[in-house]
Amino acid sequence: MTDHVSALGRGAGTRFGSGWISGVLAVVLGALAYGGVLCLLFPSWLTTPDARAHYPLDVVRFLIYACLVASFVLGTLSVLLRRSKTLGITALALTTAATLLGGSSARVGTLGGTRAYVGLDWFLLNVLLLALIFIPMERLFARLTTQPIFRRAWQTDLTHFAISHLLVQVTVLLTLAPATVLFAWAARPGLQGAIQIQPLLLQFVEIVVVADLSEYVVHRAFHRIPWLWRFHQVHHSAEAMDWLASARLHLVDIVVTRGLSFVPLFILGFSPPALYAYLIFVSFHAVFIHANVRFRFRPIEQLVVTPRFHHWHHAVEPEAVDTNFAIHLPIIDRLFGTCYFPDGRWPSAYGLAGSPVPDGWLRQLGWPFRRVRAVVH
Ligand SMILES: [Zn+2]
Ligand SMILES: [Zn+2]
């Protein structure tokens, strides 16, 4: 077993046939089903109001049912195969608890007048969707073939992913605040009207350009200004690149970057459908550029940011430090002289040499606020 393999695998091996794969899958599916049942029971507290009305309930119930059955079967298999029963029993406990709460036929709870909620539905759906897309992609087209799915510190990154989704109400509110509170005066109905009559596809392209220009400025500031760098350093402390590493972002980093990037989009007043299309695009693209995949997209890699371009942003090589700030368009880095994209090569390793950033979500949350004698860039 390599040191990449986390505590989950310790003690009883992780190879095929050891009951580890079935055990991990069973726990993940059991947790998804349990979370889904909780969403049915307590929709006011655990689901996103904007999404709530659009859920096809039959499909949701079927998904919960399929997860419960698969978790039970795989959990039982893991218990039979594996010396250490922790994974299998955890999965069986989750399926039992979910079933006792009503399982896939749990009655939908009443929608009270609660205003505060956590986005458990948003987290469950997104983690399921992204895992279904990226885990097979990274297995089939891995750049680093020896890097396992459960590489070191995956728990930290999954917790970042979970918390930023669960706190969606707070992060969306804070993201919209700088624009709506501070820049409402800058909106010009005439200009906004002229922008909104353009075709949606053109607006989408304009949003990508405008958003990436502001993301570039904010991102560069996070690298340049020492107290901001302490927050962004959390993102750069990742030593393994994969889809989950994209989630390692301090909450301050998320809110400030999204909030400031949204200001010009708000002032220009793009049409909501074009903005939603961009939100879907950025939430996929930002994950994809971190993925452990070897695609180069040679014809377009100078036009659109690819995994190889952003992997260089995370590289340990000194010549790559403070380069490739753009999220979508490499030309922005070329224009400002911050591009580092050696032909065909990939970085030798990722992260910050001698990084003081600790492991674990809570420690990373508090770390930038700690007083230090010297800030190392
Ligand atoms: Zn960065
Ligand atoms: Zn990154």
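**Two zinc ions, a nonpolar patch and some salt bridges**

I'll start with the metal. The zinc ion called ligand 2 is held by four histidines, His-235, His-290, His-310 and His-314, each through its NE2 atom, at 2.1 Å. Keep in mind that this is a predicted model, as that applies to everything I say today.

What is the arrangement of the four donor atoms around this ion? It is irregular, because the angles between the donors run from 91 to 159°. To count as tetrahedral, all angles would have to lie between 85 and 135 degrees. Along the chain, the donors of ligand 2 follow the spacing H-x54-H-x19-H-x3-H. Take two of them: His-235 sits in helix H11, residues 226-236, and His-310 sits in helix H14, residues 307-313, so this pair ties together parts that are 75 residues apart in sequence. Both His-235 and His-310 are buried.

Now the other zinc ion, ligand 1. The distance between the zinc ion (ligand 1) and the zinc ion (ligand 2) is 5.9 Å. Which residues coordinate ligand 1? They are His-219, His-223, His-232, His-236 and His-313, again through NE2, at 2.1 to 2.2 Å. The spacing of these donors is H-x3-H-x8-H-x3-H-x76-H. Here His-219 belongs to helix H10 and His-236 to helix H11, so the pair ties together parts 17 residues apart in sequence. Are these two histidines buried or exposed? His-219 and His-236 are both buried.

Next, the surface. There is a nonpolar patch of about 690 Å², made by Leu-201, Val-205, Val-209, Leu-213, Ile-331, Leu-335 and Phe-336. Two elements give two or more residues to the patch: helix H10, residues 200-224, and helix H15, residues 330-335. H10 provides the largest share, with four residues. You have met H10 already, as the helix that holds His-219. From helix H15, look at Ile-331. Ile-331 counts as partly exposed, because its relative accessibility is 48%.

On to charges. Side chains of opposite charge can pair when their charged atoms come close. In this model the count is eight salt bridges. One of them joins Glu-239 and Arg-152, with 3.4 Å from N to O. Glu-239 lies in the loop between H11 and helix H12, while Arg-152 lies in the loop between helices H6 and H7, so the bridge links parts of the chain that are 87 residues apart. Both ends are partly exposed: Glu-239 has a relative accessibility of 48%, and Arg-152 has 42%.

Compare that with Glu-301. Its side chain meets Arg-296 in a salt bridge at 2.7 Å, N to O, and Arg-308 in another at 3.5 Å. Where do these residues stand on burial? Glu-301 is buried, with a relative accessible area of 2%, and Arg-296 is buried too, at 16%. Arg-308 is likewise buried. Elsewhere, salt bridges with shared partners join Arg-151, Asp-157, Asp-242 and Arg-248 into one network.

Last, the cysteines. How many disulfides does a search of the whole structure find? Zero. Cys-67 serves as an example: the closest cysteine sulfur belongs to Cys-39 and is 12 Å away, which is too far for a bond. Cys-67 is buried, with a relative accessible area of 11%, whereas Cys-339 is partly exposed at 24%.

That is the end of my part.

Technical notes. Residues are numbered from 1 along each chain as its sequence is written. Chains are lettered from A and ligands numbered from 1 in the order in which they are written. This is a predicted model: local features need pLDDT of at least 70, side-chain atom pairs count only at pLDDT 80 or more; totals for chains, interfaces and linings use all residues. Side-chain values use heavy atoms; hydrogens and water are left out. Donors are N, O and S atoms within 2.8 Å of the metal (3.2 Å for Na, K and Ca); water is not among the atoms, so sites may look incomplete. Four donors count as tetrahedral if all angles lie between 85 and 135 degrees; four count as square planar and six as octahedral if opposite donors are over 155 degrees apart and all others between 65 and 115; anything else is irregular. Buried means under 20% relative accessible area, exposed over 50%, partly exposed in between (1.4 Å probe, protein chains only). Patches are made of residues with over 30% relative accessible area and no salt bridge: like charges are joined within 9 Å, nonpolar side chains (Val, Leu, Ile, Met, Phe, Trp, Tyr) within 5 Å. Accessible areas come from the Shrake-Rupley method with a 1.4 Å probe; for residues, only the protein chains shown count as cover. A salt bridge is a side-chain nitrogen of Lys or Arg within 4 Å of a carboxyl oxygen of Asp or Glu. A disulfide is a pair of cysteine sulfur atoms within 2.5 Å.
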